[in-house]
Amino acid sequence: MSALPTENRFADPDAAYAAIVDAHEGLSEAESAAFDARLVLILANVIGDLAILRAAIEAARKR
Amino acid sequence: MAQANQTASMNTAPFPTRFAYARSEDQGAGREAHHPVVVIGAGPVGLALAIDLGQRGIPVVVLDDADRIGDGSRAICFAKKTLEIFDRLGVGKPMLERGITWNVGRVFHRDAELYAFDLLPETGHGMPAFINLPQFTVEAILVAKAKATPGVDLRWKNRVVGIDATSSGASVDIETPDGLYRINADYVVACDGARSPTRALMGLDFAGRVFEDRFLIADVRMIANTPTERWFWFDPPFHGGKSALLHRQPDDIWRIDLQLGWDADPEHEKRPEIVGPRIARMLGHDRFALEWVSIYTFQCRRLEQFCHGRVLFAGDAAHQVSPFGARGANSGIQDAENLAWKLAAVVKGDAKAALLSSYDVERGQAADENILNSSRATDFIAPRHAGAKRYREAVLNLAVDMPFARRMLNSGRLSTPTSYDTGLSTPDIDSWTTATRPGSPMPDAPVVRAGGESDFFLAMLPATACLVVFGPAPETPDDLAVLRVGTDIVDCEGLLAKRLDATPGSAFLLRPDHHLAARWRHPIHDQILAALDRLRGKA
Ligand SMILES: Cc1cc2nc3c(=O)[nH]c(=O)nc-3n(C[C@H](O)[C@H](O)[C@H](O)COP(=O)(O)OP(=O)(O)OC[C@H]3O[C@@H](n4cnc5c(N)ncnc54)[C@H](O)[C@@H]3O)c2cc1C
């Protein structure tokens with residue numbers, strides 16, 4: 001399994017978190033879920049590495 | 001597998017589609033006749049196998065329970081590799097003449113086109129990516145060829161009702177209009193379809209998945225000037241929330257697939273007064289006639305093993321896929337091609353029976369690949385849960401302008417041949433830059449024959465193993481066919497060398513099924529002998 005970076009990689013992590021959360025402002029439950037699906041797909045393609053993607057899925061599922 | 005309902009019959013093929021039962025000399029002979037190979041089932045797979053074996057000098061008896069070609073809505077898309085096999089068997093030309101060629105597919109979401117794809121973006125191939133031709137025409141052409149092939153004995157209205165397999169052969173019990181008889185065979189190949197009675201008689205498990213959805217498959221006759229392309233809709237305005245497919249066939253016949261959902265009542269949906277308006281909504285007019293209507297539920301399943309002693313399984317009897325991707329008949333015909341040369345070599349005593357286990361390995365790998373692709377496509381077309389539906393919606397939404405999402409959008413991954421990971425291949429010792437590797441199907445390229453005529457590389461290859469050499473030929477064994485590029489054929493556009501990454505002195509050992517067995521930059525005699533031994537299952 002590929003190593004999943006879990007240390008902070010953002011210069012301003014608060015801004016990154018806020019950017020994601022703010023994007024959901026005013027969205028219904030369904031719109032919010034649809035938005036996340038689009039975002040996940042775009043980010044997954046940016047990562048472009050199936051091993052890292054699988055590791056991330058595993059890490060999210062384990063919680 | 002499916003309930004099919006005939007609403008009208010269509011039999012425009014010039015090839016005969018009904019055949020007479022004839023009593024064979026094996027019946028009532030007082031003793032049980034013995035045959036080297038018996039094929040059960042005269043569908044596309046059994047027929048292709050019988051022709052191939054016959055051409056290799058192996059007599060073969062083909063048993064089929066019907067006396068006619070089953071019409072109805074089954075396969076229409078026949079892929080490049082299948083056409084190359086048909087060409088080797090001598091029926092490429094009639095298939096191409098009767099079929100219609102297509103390379104382009106378009107995908108629509110709601111009322112907008114999302115994108116188009118070209119399955120064969122490069123030129124210089126003898127065969128198109130696909131032709132559309134109804135399965136009953138393909139079978140009719142194959143039957144005519146089988147009848148003309150010495151050694152092929154086609155027996156209609158011969159239903160297999162029993163099989164008794166031993167370590168040295170199998171006995172087959174056959175029911176005919178004249179009663180029962182029994183024949184013995186060294187090898188039996190079951191090509192008796194998805195419901196394979198042979199599989200059931202042997203108590204073999206056919207495990208896999210049923211997709212909980214129903215699809216309406218209709219063939220309609222109409223005059224339309226829609227181009228010869230594959231059009232697929234997700235959630236179109238005329239069929240809200242579901243998928244639809246429109247694809248042209250020869251003779252003004254069009255194939256339509258409409259997803260109905262799991263709750264749809266097949267009996268109700270098949271009624272002309274229900275189907276007609278559904279299709280009229282799709283086409284935007286009612287100037288069409290229904291030729292066939294069927295409702296299908298699709299499955300992906302396979303036998304764990306394709307070889308059970310002297311009884312071998314091929315085609316739908318061995319594996320079944322959902323049709324998105326046109327991988328059923330196309331993979332079955334590749335089973336037949338993979339098995340024919342191996343079985344012929346074993347029956348002739350040129351190879352040990354162990355060679356047949358490579359059939360199980362290679363075509364098992366292909367079945368897994370086809371099942372994986374067909375399952376993924378079916379899951380995309382018919383999402384199984386809320387999350388899947390949401391992600392599909394996201395892909396469709398992003399695909400409008402993001403190329404990566406178009407690559408995830410799945411309306412069927414159309415049949416391509418498998419590159420075998422197999423003990424018959426010799427691992428590379430030199431380095432090569434191509435995606436083609438030992439086990440891969442050979443690429444095609446335009447060539448000029450010694451006589452000066454234009455042709456294609458794949459059409460020049462013999463049905464035996466063959467060494468293709470660029471530049472001076474190395475020393476080779478007498479029984480190995482050699483094709484010299486530059487002498488026997490000219491690589492007129494340099495595409496063959498390019499597609500193979502060939503340099504002067506390079507040599508490529510091809511299998512009888514035109515997959516690559518070994519390649520070298522500068523081979524020596526011993527390397528070629530060792531690779532041939534491997535290919536014959538001796539290493
Ligand atoms: C709607 C639909 C669309 C499809 N589209 C495509 C496509 O576009 N491209 C593609 O490649 N595939 C497609 N397929 C799949 C394709 O139709 C099958 O994969 C193909 O028919 C398999 O061929 P086969 O020879 O293995 O079996 P079959 O065609 O089923 O032939 C089996 C034969 O065995 C005979 N038989 C059965 N029992 C006995 C017995 N007891 N004794 C003697 N004979 C017996 C039968 O009469 C029959 O002739 C489609 C299928 C469906 C349903």
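How many salt bridges does the rule find across the interface of chain A and chain B? The count there is zero, where a salt bridge is a side-chain nitrogen of Lys or Arg within 4 Å of a carboxyl oxygen of Asp or Glu.

Before going on, a word on conventions: this is a predicted model, in which local features need pLDDT of at least 70, side-chain atom pairs count only at pLDDT 80 or more, and totals for chains, interfaces and linings use all residues. Residues are numbered from 1 along each chain as its sequence is written, chains are lettered from A and ligands numbered from 1 in the order in which they are written, and side-chain values use heavy atoms, with hydrogens and water left out.

**The interface**

Residue pairs in polar contact between chain A and chain B, both at pLDDT 80 or more, also number zero; such a contact is a pair of N or O atoms within 3.5 Å, and within protein one must be able to donate a hydrogen and the other to accept it, while residues adjacent in sequence count only if both atoms are side-chain atoms. On the side of chain A that touches chain B, six residues are nonpolar, one is polar and one is charged. Here Ala, Val, Leu, Ile, Met, Phe, Trp, Tyr, Cys and Pro count as nonpolar, Asp, Glu, Lys and Arg as charged, and the others, Gly among them, as polar. Eight residues of chain A are in contact (heavy atoms within 4.5 Å) with nine residues of chain B.

**Two sheets in chain B**

Helices (H or I, at least four residues) and strands (E, at least two) are DSSP runs numbered from the N terminus, and two strands pair if DSSP finds at least two bridges between them. Angles run from 0 to 180 degrees between N-to-C directions, with axes fitted to C-alpha atoms, for helices over the stretch in contact.

| Open antiparallel sheet (chain B) | Edge strands |
|---|---|
| order 4-8-5 | strand 4 (77-79) and strand 5 (100-102) |
| order 13-19-22 | strand 13 (207-210) and strand 22 (319-320) |

In the sheet 4-8-5, three bridges join strand 4 to strand 8 (residues 130-132) of chain B, and B:Ala79 stands opposite B:Phe130. Helix 2 (residues 80-89) of chain B packs on this sheet, its direction making about 75 degrees with that of strand 4.

In the other sheet, strand 19 (residues 299-302) and strand 22 of chain B pair over two bridges, with B:Arg302 opposite B:His319. Helix 9 (residues 355-381) of chain B touches strand 13, strand 19 and strand 22, at about 165 degrees to strand 19.

**A salt bridge between loops**

Over all chains, the structure holds 38 salt bridges. One of them joins B:Arg110 and B:Asp235 (3.1 Å, N to O). Both residues lie in loops of chain B, so the pair ties together parts that are 125 residues apart in sequence.
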